[in-house]
Amino acid sequence: MAAPASSKVVYEQEGVFIHSSCAKNDDQDSIISGVLRVIEQEAEVIVDWRPSDDTLDSSNILCAGKDSSSVVEWTQTPKEKSPRGLDHQNNYEAEWDMVNTVSFKKKPRSNGDATTHANGESKWSFQFNLTDLKSIKQNKEGMGWSYLVFCLKDDVILPALHFHHGDSKLLIVSLEKYVVLCESPQDKRILLVNCQNKSLSQSFENLLDEPTYGLIQGELLDRRKTFWAVHHWKKLKKDPYTATMGGFSKVTNYIFDSLRGSDPSTQQRPPSEMADFLSDAIPGLKINQQEEPGFEVITRIDLGKRPDVIRREPVSAEEWTKNMDSEGRILDADFIKRMIFKGGLCHALRKEVWKFLLGYFPWHSTREERTNLQRRKTDEYFRMKLQWKSVSDEQEKRNSRLRDYKSLIEKDVNRTDRTNKFYEGQNNPGLILLHDILMTYCMYDFDLGYVQGMSDLLSPVLYVMENEVDAFWCFVSYMDQMHENFEEQMQGMKTQLIQLSTLLRFLDSGFCSYLESQDSGYLYFCFRWLLIRFKREFSFQDILRLWEVMWTELPCQNFHLLICCAILESEKQQIMDKHYGFNEILKHINELSMKIDVEDILCKAEAISIQMMNCKELPQAVCEVLGMETSAVTTPDSDTGEDESVTVMRRSSSTYQNISMPVTAANGTRDNAQHMAVTHSAQRLTPT
């Protein structure tokens, strides 16, 4: 096999044999001679073995064929798929990387069998990415010729490779350029890949949703560090969701380790160096680690005492009905939004009210107008659904993008909220609807298509709607808000990380400085929060409450960033008191998943917003993030006697008109005061 032009063969050994004499079929070959190679291909390392006379036939590469139960067996690549070649095999989304349980076996030869060539000789081939290697088993010294057995992650065991001419040690030396190999404590014949501290390893495993993302931790040669850092940053650039869910923290940690090097004098790496690296991974991400001239003056602004905030009970069906006229019009949409913001919705109302919150139903529409809208949207939906349903197999073969979308959707649907009763079990109708809606969305927005993570956003919507068409159009509206998060350039993520940094620095510059001192000033541990709106951080029921509150777009723009600030503020003391470093911060933030009290965080985030609204000297950048109007007021400078401009914030009065509503505290107990005034002048929520 000639390596592609962009590849480099770093190891090649002929006379490496597979012994198949243990097979039950007498007509199978007992010994197969082949060539073993280690190939550098862009930022990947591929281990490739194939029979000596089969070096140019890619149809014999063994790949994973998945059945409905996700149990796979090794089968040969069909001839018609061979043009996809190594580029497809090396892709991290290839079926090779999606193996869960495998048994390596060679199928019996029969006439017309794809595994048999015209000359009657059986041909085996395999290749794997070095990131998938778990261990290497060696033979005992003095026990015949040397052999090696590769065990991949998820316990995939490849056939033993017998080195009849010796030199198996040369392969080990070659692999050690890229991975750390150490003897197993239980069996000295077994070399473990990337051995590391057990507790640290476990903390990182908890960060993973994809088992195929293995990164080297520990002390490595600079070449290995740089190679793997670049490799995984390329994955981040190609698919931000998978990289984030599958080990974003590992990637950043490894890059830090690789850039620092082993010299103690370089342990505190210049912030600008990491800024350059992050900019390459996420183009356009510019978060200034150094305080700008005059920035300290802004951070010393006294925000005043933070008010106590009380939340109310969820909006009831009776309250909703009272705010609707005889034709079904909503009488006061702002009033309803304020009540939803303060308490959310009872579950019985969500199916109807979410359509308004997401923009599927206009707030001023009548009941008849909404019925007609649903009828039109139903026709439109099924026309789009028919487009992909009617694609023939021949058409699909010539549409690689549609194939890729379909493949990603099928994989994601099978692992989305499977513990929820709505989606659990095999052949669940909820899974079928999830799949069909996502496929139809590809027809609606083919340029964006499907990106991993969208299933997380659709799942709660479909759960609430219990209707394919309504769920689709609500999802479309939600994606209009989230679209930039999933675009190739990740513009939405870049903007939000910068905005979050701006808010957090204003609220607590000391905490920001501490995070920067631990190489955490870029807040990349918040990446997952922002990408799918906290979907993995709260329980399923809590995410329903959180999303409907955020969809009111109250009390300000980008309220979800204040939720991030509230969570980080809650964890600040532990992080700083225990002097958490980079790894500990990542581990701690990750372990918050499913442990955050949604009502408590909503109270804190709202209190922060009120505190900012009462501040008369908010920086322009903060006002822009929160969507607050500003005006320059000229005041005398106490030191110089000269005039200076002070930024004064203004909010629309319609947002905070006085309203009365029953309230409950965040812990669910009913407050003695049955009404709460939202004071427009002070823009403060206080019990009356």
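What percentage of the 688 residues in the chain is buried? Buried residues make up 54% of them. Keep in mind that this is a predicted model.

**Whole chain**

Start with a cartoon view. The secondary structure comes to 25 helices and 17 strands. Now turn on contacts and keep those with a separation of 6 or more. Of these, 68% link residues 24 or more positions apart.

**Helix 16**

Select residues 454-465. This is helix 16, with 12 residues. From its first C-alpha to its last, helix 16 reaches 17 Å, close to the 16 Å expected at 1.5 Å a residue. Color by accessibility next. Of the 12 residues of helix 16, 12 are buried, so the helix is largely enclosed by the rest of the structure. The buried set includes polar or charged names such as S455, D456 and S459. It also includes M454, L457, L458, P460 and V461. Step one residue past the helix, to E466. Its phi is positive, near 55°.

**The largest nonpolar core**

Keep M454 selected and add F525, F534, I563 and M612. These residues have the most contacts inside the largest nonpolar core, which has 126 residues. Which helix gives the most to this core? Select residues 468-486: helix 17 gives the most, with 11 residues. Then color by domain. The core draws at least three residues from domain 2 (275-345 + 489-629) and at least three from domain 3 (350-484). As background, nonpolar side chains tend to be buried together in soluble globular proteins.

Zoom in on I563. Ignore its neighbours within four places in sequence. What is left in contact with I563 is F534, L546, M550, I601, L602 and A605. F534 is also among the residues with the most contacts inside the core.

Now move to another region. A second, separate core has 30 residues. Select I18, F126, V156 and L158 to find it; they are among its members.

**Strands around I136**

Select residues 133-138 and 146-152. These are strand 8 and strand 9, which run antiparallel and are joined by five bridges. Pick I136. Its bridge partner in strand 9 is F150.

Add residues 190-193, which form strand 13. Strand 8 and strand 13 pair in the antiparallel sense over three bridges. Here I136 stands opposite L191. I136 therefore has a partner to show in each of two strands: F150 in strand 9, and L191 in strand 13.Stay on strand 13 and show its side chains. Which of them are buried? L191 and V193 point to one face and are buried. I190 and L192 point to the other face and are not buried.

Finish the region with residues 181-183. This is strand 12, which runs antiparallel to strand 13 and is joined to it by three bridges. E183 has L191 as its bridge partner in strand 13. Strand 12 and strand 13 form a hairpin, with six residues between them.

**Cysteines**

Last stop: select the cysteines. How many disulfides are there? The count comes to zero. Go to C615 and find the closest cysteine sulfur, which is in C623. The two sulfurs are 8.4 Å apart, too far for a bond. C615 counts as buried, at 5% relative accessibility. End on C556, which is buried with a relative accessible area of 3%.

Methods
Residues are numbered from 1 along each chain as its sequence is written. This is a predicted model: local features need pLDDT of at least 70, side-chain atom pairs count only at pLDDT 80 or more; totals for chains, interfaces and linings use all residues. Side-chain values use heavy atoms; hydrogens and water are left out. Helices (H or I, at least four residues) and strands (E, at least two) are DSSP runs, numbered from the N terminus. The expected span of a helix is 1.5 Å times one less than its number of residues. Buried means under 20% relative accessible area, exposed over 50%, partly exposed in between (1.4 Å probe, protein chains only). A nonpolar core is a set of buried Ala, Val, Leu, Ile, Met, Phe, Trp, Tyr and Cys residues joined through side-chain atoms within 4.5 Å. Domain bounds come from an automatic or database domain assignment. Contact means heavy atoms within 4.5 Å. Two strands pair if DSSP finds at least two bridges between them. A disulfide is a pair of cysteine sulfur atoms within 2.5 Å.
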